[in-house]
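Please read the following account with the sequence and the model side by side, moving from the chain as a whole to single helices and then to single residues.

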Amino acid sequence: MRTAREEQERTSFQTERELKLVQESMHSAISMNKTEVLDGVMSDFSEGYFILSHDNRRKLLLVLAREYDVNRTQVRELIGKYLGLELPDVDKAKSSDIDEEGLLSALYRTERNLRHALQPMYEVLFERLNTHPGGLKFLTLLRADLLAMIAKENNASLRALDSYLKEKLITWLSPAALELHRITWDDPASLLEKIVAYEAVHPISNLIDLKRRLGVGRRCFGYLHPAIPGEPLVFIEVALLKDVAQKVQDVLCNDPLTPEFEAKCALFYSISSTQPGLSGINLGKFLIKRVVELLKRDMPYISTFATLSPVPGFMSWLLSKLAYQSKLADADTGDVTHSSPGGSVSTFSENILMPDEERKLLELGEFGDGKNGMEVMLNLLTSTKHEWVNSDTLSSVLQAPLMRLCARYLFQEKKRGKALDSVANFHLQNGAMIERLNWMADRSEKGLRQSGGIMVNYVYRLDKIEENAQSYFSTGHIQASSEFRCRLEGPSLSSL
């Protein structure tokens, strides 16, 4: 019988052998030119990759990123050669056409060679996989692994590999290569199962729920790619309504009360990406625009295109803000600087509550524990069972500050000049405007945990989409309705 150590050594030897074989097939896939055996080599590599452990996949991708990267020695030589070339001088007296042609030919040739040298060797692997059956799907799975590795370690080689693969995927998944498909109850069960599995915003509870979302008064559209058949890369769910909905339960739980021909609003209430390996590739932008165009053509009586969207980052931001500022308010340490949650040094204390909001929170007495209004609010919002939601007293006191601070979060809190909230950034960069905040619009556990039950309507005004998108892209300017802007009165800062 083998000892535990012998078994461990045997397993280690086996995994090392597997890695070596996959590495050899990867090298062949990059360097081989015999097309008649290339398909077999590509299959060996892609199948072998999935056999590898996570640690061995990381080792393999590091080899790919470093040993099959740009040939920098060749690049440096070409740059030196290029810098030594004589440029045609248009200011000189006209030289002979033969001399000028010679100079230009040398420049063009060196530039072409330089462009080729700047392409990493692993580009060959990506290009060949893209044309190999199942290769595009494999590349999305490989990139999902890459993203998971990068999240754990800040490795420059892996980041460069991911960046290059992302650029390739953006090219291969251009809208012209994608098919817009209306998903119905009559689609194959395998496709419908993927809709249930991938729905990321509002989980589908059962087949009745799925049938309702695909039935009368509802639409579901997805982008499909010929190389990944039967699997939408991204899909969007639409409700046809008389007015813009304010509560998600009205959309999800009720059979449509409005006949389709009476609908005035197409409400986008869920958009889900199905491939983690396509993170950062905005297919949803093109999907929304295509769906708007399709609905406008087929249903000219639809005049409003809006969303009922979550605010997934709000509560995380707010609780961090409340915890930090309530400690500052309690400390009262004079001119001492403090490190903010983001790591920067702050010399400002900010009571994020309005005076009236502070007073009402402190008047809660036994309902609210805390030395100041922000601490009371923090304790109420972090209660494990969301007791404040079921209390009319607590809910009425919290509504005003939560709605105002949510408006501030969406409109004023930025990251690199763009909206901090990921869903807000998505719709704003697509050309939408913020229309309205909705109180207690999603009372699910997820809705309360992420956004205190608040949801937001974004509106796509067809004549303003491109203008809004360009303004947001260039300056970070956010378009918002007057109703929404009224919620933005903020407290003042007081220097410590």
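How many helices and how many strands are there in the chain? The model is a predicted one, and in it the chain has 20 helices and 13 strands. Of its 496 residues, 46% count as buried, and the accessible surface comes to about 26,000 Å², with 52% of that area belonging to carbon and sulfur atoms. When the contacts with a separation of 6 or more are considered, 72% of them are made by residues 24 or more positions apart.

A helix pair offers a convenient place to begin. Two packed helices are described by the angle between their axes and the distance between the axes. For helix α7, which covers residues 135-152, and helix α8, which covers residues 156-172, the angle is about 145° and the axes are 10 Å apart, while the crossing of α7 and α8 is left-handed. On the α7 side the residues that meet α8 are L136, L139, L142, R143, L146, L147, M149 and I150, and their counterparts in α8 are L158, R159, L161, D162, L165, K166, L169 and W172. Sorted by class, this contact of α7 with α8 holds 12 nonpolar and 4 charged residues, and no polar ones.

The next helix, α9, shows how burial can be distributed around an axis. Which residues of α9 are buried? Within this helix, residues 189-198, the buried ones are L191, L192 and I195, and because they fall within an arc of 100° when seen down the axis of α9, they line one face of the helix. An α-helix has 3.6 residues a turn, so residues three or four places apart point the same way. The buried residues of α9 pack against helix α10 (207-213) and against the strands β2 (218-224) and β3 (234-241), whereas the face turned away from the buried side carries the exposed residues A189, E193 and A197. Of these, A197 can be followed further: its relative accessibility is 61%, and since exposed means over 50%, A197 counts as exposed. The C-alpha atom of A197 is separated by 8.8 Å from that of T274, a residue 77 positions away along the chain.

Helix α17, residues 422-429, contains H427 and also L428, two residues that can be examined in turn. Is H427 buried or exposed? With a relative accessible area of 5%, H427 is buried, because the limit for that class is under 20%. Apart from neighbours within four places in sequence, H427 is in contact with I288, T307, S309, A432, Y458 and Y460. L428 is buried as well, with a relative accessible area of 2%, and the residues that L428 touches, again not counting those up to four places away, are A419, I434, A469, Y472 and I478. The C-alpha atoms of L428 and G476 are separated by 9.2 Å, although the two residues are 48 apart along the chain.

From L428 the path leads on to S471, in helix α19 (residues 465-475), whose C-alpha atom is separated from that of L428 by 9.7 Å, with their positions 43 residues apart in the chain numbering. S471 is in contact with G476 and H477 once neighbours within four places in sequence are left aside. A further link of this kind involves K446 in helix α18, residues 445-451, where the C-alpha atoms of K446 and P312, 134 residues apart along the chain, are separated by 9.0 Å. K446 is partly exposed, with a relative accessible area of 30%, and beyond its neighbours within four places it is in contact with A200 and V201.

Two loop residues deserve attention for their backbone angles. Most residues other than glycine have a negative phi, and most peptide bonds are trans. H386, which is not a glycine, nevertheless has a positive phi of about 55°, and its place is in the loop between α15 (373-381) and α16 (392-411). R416 likewise has a positive phi, near 55°, and is a residue other than glycine; R416 is found in the loop between β9 (414-415) and β10 (418-419). How do their surroundings compare in accessibility? H386 is buried, with a relative accessible area of 11%, whereas R416, at 80% relative accessibility, counts as exposed.

Methods: Residues are numbered from 1 along each chain as its sequence is written. This is a predicted model: local features need pLDDT of at least 70, side-chain atom pairs count only at pLDDT 80 or more; totals for chains, interfaces and linings use all residues. Side-chain values use heavy atoms; hydrogens and water are left out. Helices (H or I, at least four residues) and strands (E, at least two) are DSSP runs, numbered from the N terminus. Buried means under 20% relative accessible area, exposed over 50%, partly exposed in between (1.4 Å probe, protein chains only). Contact means heavy atoms within 4.5 Å. Accessible areas come from the Shrake-Rupley method with a 1.4 Å probe; for residues, only the protein chains shown count as cover. The arc is that of the directions from the helix axis to the C-beta atoms. Axes are lines fitted to C-alpha atoms, for helices over the stretch in contact, and angles run from 0 to 180 degrees between N-to-C directions. A crossing is left-handed if the near helix is turned anticlockwise from the far one by less than a right angle, and right-handed if clockwise. Ala, Val, Leu, Ile, Met, Phe, Trp, Tyr, Cys and Pro count as nonpolar, Asp, Glu, Lys and Arg as charged, and the others, Gly among them, as polar.
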